[in-house]
Amino acid sequence: MKSREFNKKPTFEPGLLNRKFGHFQVEVFAYLIRPRNGVGLQMTLFSFTTRASRVRAASKAFIRRYHIQFHGGSHPQVNKEVKVVKLDAWFVKVVCTLFVFSQPLDDGCLGYLSRNLTPLIEFEVVKSLNNPALGLKFLEFSRMKLNIPHSFWTYNLLLRSFCHIGLCDSAKLVFDYMKIDGHFPDSTMLGFLISSFGKAGEFGMAKKLLAEVQSEEVMVCIFAFNNLLNKMIKHNKLEEAVTLFKDNLGSNFHPDTWTFNILIRGLCRVGKVGQAFEFFNDMKNFSCFPDIVTYNTIINGLCRANEVDRGHSLLNEIQSRDVCSPDVVTYTSVISGYCKLGKMEEASALFSEMINSGTLPSVVTFNVLIDGFGKVGDMLSAKSMYEKMVSFGCIADVVTYTSLIDGYCRIGDVNKSLQLWNAMKVRNISPNVYTFAITINALCKENRVHEAREFLRELQCRDIVPKPFIFNPVIDGLCKAGNLDEANLIVVEMEEKKCHPDKVTFTILIIGHCMKGRMLEAISIFNKMLSVGCTPDGVTVHSLISCLLKAGMPNQASHIRTITLQDINLTSSSYLDNNAPLQSQTYRGVPVAA
């Protein structure tokens, strides 16, 4: 009799609770409705229609599991904890299906879920949804509709998911819910959030988060804080970074040497060496001590500010301490400072001291010395440095050759610089934009404009983004030679390479056309200059007015003068709004004014 009762399938009437079996399994089946017409099985709890065979099979399997669990049977016994995991996994699928496909839920479903959902099951539901947006909606649904709090791990999962896809606003919303539920981030989570907000450029959100946790006993991960400061400085938020550092001192954040290095480097890069020294001197108050990176940053900042002697003194200070020793960066920074000031004797002496101390020079060290000697016209010393490179295992690069080319061009030996071009080709070293600019400018100064024009053609065949200062000497040389059509053609080539003429380009063209008596074309070029937002300076305006008056065009000269008086800055917007372009319709076909 017991066997027949055991094998007999329990029946469940629609909408009626079967209380024969305790716990939540009873209520699951209380909402099953028997198949109708053999077509489909509608499940009030699921609130969706599916194929009868699949649902029937799943239902039978589920019923068998529950008969075995509560009434015994012939199936082998398994570990109880495993059965609970399997039941929870099935329940997680039920909840996911309800939430995704069955909104809104009726009161029966809501009551059932509120009684049986646990924080652990909620975590599994959020994980199974595999979509942070859906996970957040489920979190809000369960908090508001079911009044069920979530675990720390649910919040941790959602926070990390949103941060990984860059949705910081959603992550901050989850964080707010987390605090309401009485959970506070640990140091690891806080560090992750701060780093994520900084990486996404959400510095305001990161600062707000730090302010919110100041009253909590949560230490801020120093790595995350340093990363945030570094990101802020890279995004030109130096002052905000300094303020953030000061606001968080003494709370739940303790700086280290790298913290100070980041701030000192940022301040030195913008020339605030004095303020950088204040941080340098404050390091010992926080039990931090400068390392070689600190010293190198300060010394480089001093040398960039032309305080090279002070930087040299700091180098000597390092040598007198046992904490760290100067390296190639330290020496090269001071040598570069002396080279920029033209103090080549001091630079050479420090180079010798560097070698004697056992510190090997780098390619950068040789490059700054070669460039320094070239700028003072001492090409013998520059060439000597170039020849020493091999003995120290340094291979000349494009900067080395460009510095040598610049040095020979400065002393007027352009042919020697052209020989270096051939040496670069032999060594398969590609020139950069400055190699072209220096050579083209030197050729134009010697009136070798056609050779410079050939270099321009070679430039156009290379993957180099050109700048106006490369083209301007050739355009100027052509204009002075009276070859205006070729000059206009170069401007067209510039624009085809996405290189837009600058103020110097327009001024050269305007004066060049005026000198050849092509006044209307000069006016058209002036109009284009204004239309593209390039503001002319006094030289441009005065030259054009003077030439117009000499050409017997006082009305046009007066109009240019009126524009100048109306807007001293000659912004294009004021000109275009208040003045019709001079003769722009008549000379629309001029290439440079097109």
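Axes here are lines fitted to C-alpha atoms, over the stretch in contact in the case of helices, and the angles between their N-to-C directions run from 0 to 180 degrees. With that in hand, the predicted model can be read starting from helix α7 (residues 132-144) and helix α8 (residues 152-164), which pack at an angle of about 145° with their axes 10 Å apart. The crossing of this pair is left-handed. On the α7 side, the contact is made by Pro-132, Ala-133, Gly-135, Leu-136, Leu-139 and Arg-143, while α8 contributes Thr-154, Tyr-155, Leu-158, Ser-161 and Phe-162. Sorted by character, the residues of this contact comprise seven nonpolar, three polar and one charged.

Pro-132 offers a handy place to look at this packing, and it is located in α7. Apart from its neighbours within four places in sequence, Pro-132 is in contact with Leu-158, Ser-161, Phe-162 and Ile-165. The C-alpha atom of Pro-132 is also separated by 9.3 Å from that of Arg-160, although the two residues are 28 apart along the chain.

A second helix pair is found further along the sequence. Helix α24 (residues 433-445) and helix α25 (residues 449-460) have axes that come within 8 Å and cross at roughly 160°. Angles over 145 degrees count as roughly antiparallel, and α24 and α25 are therefore roughly antiparallel to each other. Their crossing is left-handed. Phe-436, Thr-439, Ile-440, Leu-443 and Cys-444 represent α24 in the contact, and they meet Val-449, Glu-451, Ala-452, Phe-455, Leu-456, Glu-458 and Leu-459 of α25. Nine nonpolar residues, one polar and two charged make up this contact.

Salt bridges add a further layer to the picture, with 21 of them found in a search of the whole structure. Glu-451, one of the α25 residues that meet α24, pairs with Arg-448 through a salt bridge of 2.7 Å, N to O. Glu-451 counts as partly exposed, at 33% relative accessibility. Another bridge, at 2.8 Å from N to O, joins the side chains of Glu-486 and Arg-453. Glu-486 lies in helix α27 (residues 484-496) and Arg-453 in helix α25, so this pair ties together parts that are 33 residues apart in sequence. Arg-453 has a relative accessible area of 5% and is therefore buried, the cut-off for that class being under 20%.

Glu-521 and Arg-518 form a salt bridge as well, and their closest N and O atoms are 2.9 Å apart. The two partners fall into separate accessibility classes: Glu-521 is buried, with a relative accessible area of 14%, whereas Arg-518 counts as partly exposed at 25%. Elsewhere, Asp-371, Lys-375, Asp-406 and Arg-410 are joined into one network by salt bridges that share partners.

Finally, two loop residues deserve a look for their backbone geometry. Asn-236 lies in the loop between α12 (222-234) and α13 (238-248), and its phi is near 60°, a positive value in a residue other than glycine. With a relative accessibility of 72%, Asn-236 counts as exposed. Lys-498, placed in the loop between α27 and α28 (503-515), likewise has a positive phi near 60° without being a glycine. Lys-498 counts as exposed too, at 68% relative accessibility.

Key. Residues numbered from 1 in each chain as written. Predicted model: local features only at pLDDT ≥ 70, side-chain atom pairs only at ≥ 80, totals over all residues. Heavy atoms only, no water. Helix = DSSP H or I, 4+ residues; strand = E, 2+ residues; numbered from the N terminus. Parallel < 35°, antiparallel > 145°, perpendicular 65-115°, else oblique. Left-handed = near helix turned anticlockwise from the far one by under 90°. Contact = heavy atoms within 4.5 Å. Nonpolar A, V, L, I, M, F, W, Y, C, P; charged D, E, K, R; others polar. Salt bridge = Lys/Arg side-chain N within 4 Å of Asp/Glu carboxyl O. Buried < 20%, exposed > 50% of the residue type's maximum accessible area, 1.4 Å probe, protein only.
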